[in-house]
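Biologist: Got a minute to walk me through this one? I'd like to start with the core and then jump around a bit.

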Amino acid sequence: MAVAQENPLLEGLESRRAPDDCILVIFGASGDLTKRKLFPALYSLAYRRLLPEHFAVVGVARTEETDDEFRDRMKEAVQQFSRDDFREDVWELLASGIRYVALDFADENREDRLSKTLTELEKERETGGNRVYYLATPPAVFETVVRAVGKRRSGQGWVRLIIEKPFGHDLASALSLQKAIEEYFEEREVFRIDHYLGKETVQNMLALRFANGIFEPIWNRQFVDHIQITVAETMGIEARAGYYEQAGAIRDIFQNHMLQLVAITAMEPPIDFTADSVRNEKVKVLRAMHTPGPKSVVRGQYGRGYIEGEEVPAYREEAGVDPNSMTETYVAAKLYVDNWRWADTPFYVRTGKRLARRETTIAIQFKRAPHPPFEELSAEPLKPNVLIVHVQPDEGVSLAIGVKVPGQGMTIRTVHMDFLYGGAFRTGLPEAYERLIVDAMLGDATLFTRIDEVQEQWALVDAIVAAWARDRPAFPNYAAGTWGPTAGDELMERDGRAWRRR
């Protein structure tokens, strides 16, 4: 049923059906993800009455803590990180179903304690045995948690398993984890989360292409010169040295976020927007990508520099990082999708930490007009049309077009036609985790990665990493606060192109 909205710009927007009654079990409940993202997302869902009528949350972690202490910590987290104003009545509604279990999986008795808590809570909250298990733990314990949960499956209700990235460290470890999952869970019960796929602007790529007749006919090699995808961060590793030293930029961002953005940009129209139809088209793109040669991949590591006027340390000076670390904090690559639509059209992608500005953008640069008769009359070279999807921040879409400057003569200048979500709908965008948590409860896997997608992504990354093993670049090779190593610029300059700066 449609929910009445005070904002007339929201006319026609309807709330989705509520999920079945269930319990959400969060493993790793003492971590930053739970504090900064998961509970603020749950609060926002409760704020909008999008959670099931009978709902509960069980936090699980090694830290010894009581139910009340855990609730108090999560309340502070919601007050600090939620996008919505804090309301005591909304919080109390959510908090009434919150429990906490201190658990070390090496202790069989503690596992029985979790089972007892879930059984009691199911009776109290009338959730019908439906459970969502969220693995927000370090990747090293994913398999342990999967086996422990799988062995204690009850015969009542449905079970869903949400697994945070990265799904494995390489192809072999991803297959090993998948084998453990298959012992207890079917593929339809597994939700491999990539929060980028929950962002409104990433989903808007599908609407932009397939709901507008002016774009899809020119979304191909005949009209598109190249595509640029940038995932840039100004922050460093934020006390995650233990993880980042093992992952680096290629496993942390490139393997999942970056390749998913390429797949969504390049995919063919699905026959419908069901989970399998969309994911079938994405995996076709991933399979059509060939491994880039050594000259088509650049890696870097940041040194000392300045971010917003403040000096920041080099990566090798961060706490917990090896002073001789060869871990990359920047990756740029030229990729090709070898199919009929995109043959010979380069996809330039880059991601890095401590770069000049925080942004995630997808830029589709079209070919220049073949014969502009007024080119000699313009004071500046005519620029090609560019369609830019701003994923974050300032979410929206921008189209660069050439127009005549007022006055005599035929001087042409590039201007931008901008669409901003905030200006058009006058409402805050939901956080990605809000959408993804509800989708998992509903059993809708459209915005989650399927195992064959994961396998294709790891196969490409493994091939790149194997080539890197044969050389040791001079690190650090770019200063914090810049746009990365000079080799990243040269990657495009060799082709007569350049990275967009805004």
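**Core, sheets and rings**

Modeller: Sure. The largest nonpolar core has 137 residues, and Phe-27, Phe-39, Tyr-134 and Phe-254 touch the most other members. Keep in mind that this is a predicted model.

Biologist: Which helix gives the largest share of this core?

Modeller: That's helix H8, residues 241-266, with 13 residues.

Biologist: OK, sheets next. What is the strand order in the open sheet of six strands?

Modeller: The order is E3-E2-E1-E4-E5-E6, and the pairing is parallel. E3 and E6 stand at the edges with a single partner strand each, so one side of each has no neighbour in the sheet. On average, neighbouring strands there are turned by 20 degrees against each other, direction ignored.

Biologist: And which helix packs on the sheet, touching E2 and E3?

Modeller: Helix H2, residues 67-81, and its direction makes about 115 degrees with that of E3. Then there's helix H5 (residues 142-151), which lies across E1, E4 and E5 and runs at about 165 degrees to E4.

Biologist: Back to E3 for a second. How many of its residues are buried?

Modeller: Five of five, so to speak: strand E3 (residues 98-102) is mostly covered. Ile-98, Tyr-100 and Ala-102 point one way, Arg-99 and Val-101 point the other way, and all are buried. In a regular strand, side chains alternate between the two faces of the sheet.

Biologist: How many bridges join E2 to E3?

Modeller: Five, with strand E2 (residues 55-61) and E3 running parallel. Val-57 has Ile-98 in E3 as its bridge partner, and Gly-59 has Tyr-100.

Biologist: Switching to H11. Why is it described as largely enclosed by the rest of the structure?

Modeller: Because 10 of its 11 residues are buried. Among them are Tyr-433, Glu-434, Asp-439 and Met-441.

Biologist: What covers the buried residues of H11?

Modeller: The cover includes strand E1 (22-27), helix H1 (32-47), E2, strand E4 (131-135), strand E5 (159-163) and E6. Right after H11 comes Gly-443, with a positive phi near 80 degrees.

Biologist: Now aromatics. How many aromatic pairs does the structure hold?

Modeller: It holds 12 aromatic pairs. Phe-191 and Phe-448 form an edge-to-face one, 5.1 Å centre to centre with 85 degrees between the planes. Phe-191 is in strand E6 (residues 190-192) and Phe-448 is in the loop between helix H11 (432-442) and helix H12 (451-468), so the pair ties together parts that are 257 residues apart in sequence.

Biologist: Are those two, Phe-191 and Phe-448, buried or exposed?

Modeller: Both Phe-191 and Phe-448 are buried. Elsewhere, Tyr-244, Tyr-302, Tyr-315, Tyr-330 and Tyr-478 form one aromatic cluster.

Biologist: Which Arg lies over the face of Tyr-47?

Modeller: Arg-87, at 5.4 Å from the ring centre. Arg-192 also lies over a ring face, that of Phe-167, at 4.9 Å from the ring centre.

Biologist: Last topic. How is the eight-strand open sheet ordered?

Modeller: E8-E12-E13-E7-E14-E15-E16-E17, with mixed pairing. Strand E8 (297-300) and strand E17 (412-420) stand at the edges. Here the average turn between neighbouring strands is 15 degrees, direction ignored.

Biologist: In what sense do E7 and E14 pair?

Modeller: Antiparallel, over eight bridges between strand E7 (residues 224-232) and strand E14 (residues 359-366). Thr-230 stands opposite Thr-361 in E14. Helix H7 (residues 200-210) lies across E14, strand E15 (386-392) and strand E16 (396-404), at about 150 degrees to E15.

How values were computed. Residues numbered from 1 in each chain as written. Predicted model: local features only at pLDDT ≥ 70, side-chain atom pairs only at ≥ 80, totals over all residues. Heavy atoms only, no water. Phe/Tyr/Trp six-rings, centres within 6.5 Å; stacked < 30°, edge-to-face > 60°. Helix = DSSP H or I, 4+ residues; strand = E, 2+ residues; numbered from the N terminus. Buried < 20%, exposed > 50% of the residue type's maximum accessible area, 1.4 Å probe, protein only. Lys NZ or Arg CZ within 6 Å of the ring centre and 35° of its normal. Pairing = 2+ DSSP bridges. Contact = heavy atoms within 4.5 Å. Axes fitted to C-alpha atoms, helices over the stretch in contact; angles between N-to-C directions. Core = buried A, V, L, I, M, F, W, Y, C linked by side-chain atoms within 4.5 Å.
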